[in-house]
Amino acid sequence: MSDAIKHECGIALVRLRKPLQYYIDKYGTPLYGIKRLYVLMEKQSNRGQDGAGVGNVKLDVPPGHRYISRYRSVENRPITDIFNKINEKYKEVLRNNPDKFKDAKWLQENLAYSGEVWLGHLRYGTHGKNEIENCHPMLRQSNWRSRNMLVAGNFNMTNADELFHKLVKLGQHPKDLGDTVTVMEKIGHFLDEENQRVFDRFKGIYENPALSDIIEDNMDLPRVLHRACRDFDGGYAMAGVTGFGASFVVRDPSGIRPAYYWADDEVVIVASEKTAIKAAFNANYDDIKEVQPGHALIIDKHGEYNEFQIMKPLEKKSCSFERIYFSRGSDPQIYEERKQLGRLLIPQILEEIDYDLENTVFSYIPNTAETAFFGMVEGLEQYLADWRLRRITQDNLAPDEIKRVLSFRPRIEKLVSKDVKLRTFITNDDERDEMVSHVYEMTYEVIRKGIDTVVLIDDSIVRGTTLEKSILKMLDRLSPKRIIIVSSAPQIRYPDCYGIDMSKMKEFVAFRAMLDLLRKNGIEYMKHEVYAQSVGALQTDNAYEENFVKQLYDKFTDEEISQKIAEIVTPENMKAEVSMIYQTVENLHKACPNHTGDWYFTGNYPTRGGNRVVNRAFVNFMEGKLVRAY
C-alpha cells in the first residue's frame, strides 16, 4: 500500500495442556511455551508496531506465590524488548541456581513467567497516545484468584460511550473512557457476578479454601461472555485469561475480526493469522480452525477446550482488507486470493491500453502489491495464449509471423524500488514530502520515451498523497506517454470503525473526488441536504438506520470517480497522461468469496453502529472537526 495506514492488532494465546515438567523432560527446556509465543508474535508483527504485551498465568501454585505476570513495551522493537527481559530471568537462574533450571516446581514457586498460560498482544493504535498504559494485555486484579483477569483484543466498538454509561449505571467508576477499559470492566463485572452466583450456590456445603476450587470448577464462562458481549457493537476478537487459568477467545457475530486456533495433546493455540500458527508449530493448514462468528473458544482450567455460541451469528462479513493487504500473504488462501485480484483486473487494463501490449510496460509498487502483480501477469499470459491461438488458426500466418506471435511476451519491469534504510525524519509537511520522494528509487532507461505506457499496480489507494507527492513525479522522469495506476482494491469511500485507522472522510481521495464532481455538476447543495439528514438522525438517535452519505456517491459512476481521482493525484506540470483503474466490488467478492466485509467500498456496514459512525463522520467533515467519529 503506497499510502501506509495503521490497522487492527494481533493476539496470540498459548495454553500448555500438561504440567510444565512434561515439557522440560521432553524438550529439555522450561522455555517451550515462551519460544512458541515468541514465534507467534514475531510472525504477526505486521499487525502492530506501536507496542506489545505478554501476560502469563501459573496454575495451582500455593497461596503466597505470584501467579500472574505481565510485561508491556513501547520500545522501538517491543517484542524483542519483552522477551529479552523474560529471557534474562531464566539466565539469572542458570547463573545462580543451575541445578533448578529444569525443576518445574521450583521455577513456578520462585520465577515469574513460568506458567502454563500465555497471552500476547501486538498493538497498532488507531487512536490514543502511544503509551505503555494503552498496551494490552490489560489486567484486572483481585485477591480472589477467580476474579483476576488478563484481557487482550483486536477490536473497536462503535458504541463505547453507551457501554461506558452502562457501567456507570451498574455502579462502577471506570478509570478511562476508551473501549479497551470499558470492555474489560464489562466482562469483569459479569465475571464477578458469576463468582458470586457460584459462591452462593455452594456456601454452606464447602468450606474455604476448598470453596475457591469449587467456584473455579463450576463457573459458567459462556454465560459470562454472553451477558458481557450482548451489548457490544463493533468488530472484535478478544482473548482473556482468568487468574485460575481458564482462557477464552470470543469473536463478534459478523466475524469481522479474525481468530484461528489449533490444538494437539500438548497445547491449544490461538492467533489472528493462520501463518503464525503454521510457523510456530508446523501445523497442517487444514487442521487450523476458525473461531466461528458469535462463538467463544473456551479452554478450562484443566486444558479441555470447546466452542460455544455466545451470541446469534449474523451474516458473515469478515474484513476483506485482511485478504487484500493486512494479513501475511504467505497464507496459501490469501496468496491465491491476491493473485486472483490481479487476474480479474485484466479486462479493464486491456481496454484502457486499447490492447496495445507492445507499447506497454507492467510493474508494481512494492512490496505488498507484488502478489496481485503476479496474478495480473498470469492474466496477461492467459489472454496472450488465447490471442496466439486465434492468430495461428484463423489468420493463415507465414512462418516468421508465427514465430513472432509465439515469442511475444508482455513487458514486465521493476520500475519502483523502496530504500527501506532511508527514513523520513523531517516532520515539516512540505520538507517531508521532498524527503519521501527519495525513499523510492526508479529504474531508468527501460521505458521508451514518449512511446510506452506504464501500468503500475498497487494493492489499495486510500489518500493518494504518496502518488501525487512522490510516485507519479518520479515516474514522469522516465518520460512515458501514459501512466495508468491500478488498484487491486475498489475505491475506499467510507470510514472504518472496526479496527483500522481510516475514520476521517476528508482524507479519502475518492471522497474528495465525489465532492469535486458535486461542485462541477452544479449539485453541491446535496451535501448540505445529507448534512441536515445526518444531524437530524443523530439528534433523534436514528443515525443507526441508514448511511445517508451513499446518496452522494450514487450520483456518479465508478468510472467518473476514478477519472476525477486521476485528476486530483496528477501533480502540476506532469507531462504524462494519468489514468486510474480500480477493482470492482463484484470482482472483489469473486476473489475473496468467504470474506465479504466491504463497508470501506460500499458503505454497507455489518452492524448498526457503522451507519451511525459514517453519518457522524460526515457531520464532522461538514463542521470542520478533525476528530474520529466513534
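A residue counts as buried under 20% relative accessible area, as exposed over 50%, and as partly exposed in between. This cut-off is used throughout the points below, which concern a predicted model.

1. The Glu378–Arg343 pair. Arg343 has a relative accessible area of 22% and is therefore partly exposed, since the buried class ends under 20%. Glu378, with a relative accessible area of 34%, is likewise partly exposed. A salt bridge joins Glu378 to Arg343, with 2.8 Å between the closest N and O atoms. The pair connects distant parts of the chain: Glu378 belongs to helix α13 (residues 370-394) and Arg343 to helix α11 (residues 332-343), with the two positions 35 residues apart.

2. The Lys186–Asp231 pair. In this salt bridge the closest N and O atoms of Lys186 and Asp231 are 3.4 Å apart. Here too distant parts of the chain are linked, as Lys186 is in helix α6 (residues 179-202) and Asp231 is in the loop between α8 (221-229) and β7 (234-242), 45 residues apart. Lys186 is buried, because its relative accessible area is 3% and the limit is 20%. Asp231, at 25% relative accessibility, is partly exposed.

3. The Glu194–Arg197 pair. Helix α6 also contains both partners of another salt bridge, Glu194 and Arg197, which are three residues apart, or about one turn of the helix. Their side chains meet at 2.6 Å, N to O. The relative accessible area of Glu194 is 1%, so this residue is buried. Arg197 has a relative accessible area of 32% and is partly exposed.

4. Salt bridges in the structure as a whole. Side chains of opposite charge can pair when their charged atoms come close. The structure contains 42 salt bridges. A network of salt bridges links Arg145, Asp213, Glu216, Asp217 and Lys301.

5. The contact of α2 with α9. The axes of helix α2 (residues 32-42) and helix α9 (residues 274-281) approach within 8 Å and cross at roughly 145°. The crossing of α2 past α9 is right-handed. On the α2 side the contact involves Tyr32, Arg36, Val39 and Leu40, and on the α9 side Ala276, Ile277, Ala279, Ala280 and Phe281. Of the residues in this contact, eight are nonpolar, none is polar and one is charged.

6. Helix α3 and its cover. Helix α3 (residues 78-96) comprises 19 residues and spans 28 Å from its first C-alpha to its last, close to the 27 Å expected at 1.5 Å a residue. Its buried residues include Pro78, Ile79, Thr80, Asp81, Ile82 and Phe83. Ile86, Tyr90 and Val93 in α3 are buried as well. The elements covering the buried residues of α3 include helices α2 and α4 (104-110), together with strands β2 (51-57), β3 (68-73) and β4 (117-123).

7. Ser327. This residue is situated in the loop between α10 (320-326) and α11. At 7% relative accessibility, Ser327 is buried, because that value is under 20%. Apart from neighbours within four places in sequence, the contacts of Ser327 are Asn46, Arg47, Glu273, Glu322, Ile334 and Arg338.

8. Helix α23 and its surroundings. Helix α23 (residues 608-622) has 15 residues and extends 22 Å from its first C-alpha to its last, close to the 21 Å expected at 1.5 Å a residue. Buried in α23 are Gly609, Gly610, Asn611, Val613, Val614, Asn615, Ala617, Phe618, Val619 and Asn620. These buried residues pack against α17 (509-520), α18 (525-539) and α19 (550-553). Just after α23, Gly624 adopts a positive phi of about 70°.

9. Leu517. Helix α17, one of the elements against which the buried residues of α23 pack, contains Leu517. With a relative accessible area of 11%, Leu517 is buried. Leu517 and Phe556 are separated by 39 residues in sequence and by 8.1 Å in space, C-alpha to C-alpha. Leaving aside neighbours within four places in sequence, Leu517 touches Phe556, Glu560, Ile561 and Lys564.

Terms used:
Residues are numbered from 1 along each chain as its sequence is written. This is a predicted model: local features need pLDDT of at least 70, side-chain atom pairs count only at pLDDT 80 or more; totals for chains, interfaces and linings use all residues. Side-chain values use heavy atoms; hydrogens and water are left out. Axes are lines fitted to C-alpha atoms, for helices over the stretch in contact, and angles run from 0 to 180 degrees between N-to-C directions. Helices (H or I, at least four residues) and strands (E, at least two) are DSSP runs, numbered from the N terminus. A crossing is left-handed if the near helix is turned anticlockwise from the far one by less than a right angle, and right-handed if clockwise. Contact means heavy atoms within 4.5 Å. Ala, Val, Leu, Ile, Met, Phe, Trp, Tyr, Cys and Pro count as nonpolar, Asp, Glu, Lys and Arg as charged, and the others, Gly among them, as polar. A salt bridge is a side-chain nitrogen of Lys or Arg within 4 Å of a carboxyl oxygen of Asp or Glu. Buried means under 20% relative accessible area, exposed over 50%, partly exposed in between (1.4 Å probe, protein chains only). The expected span of a helix is 1.5 Å times one less than its number of residues.
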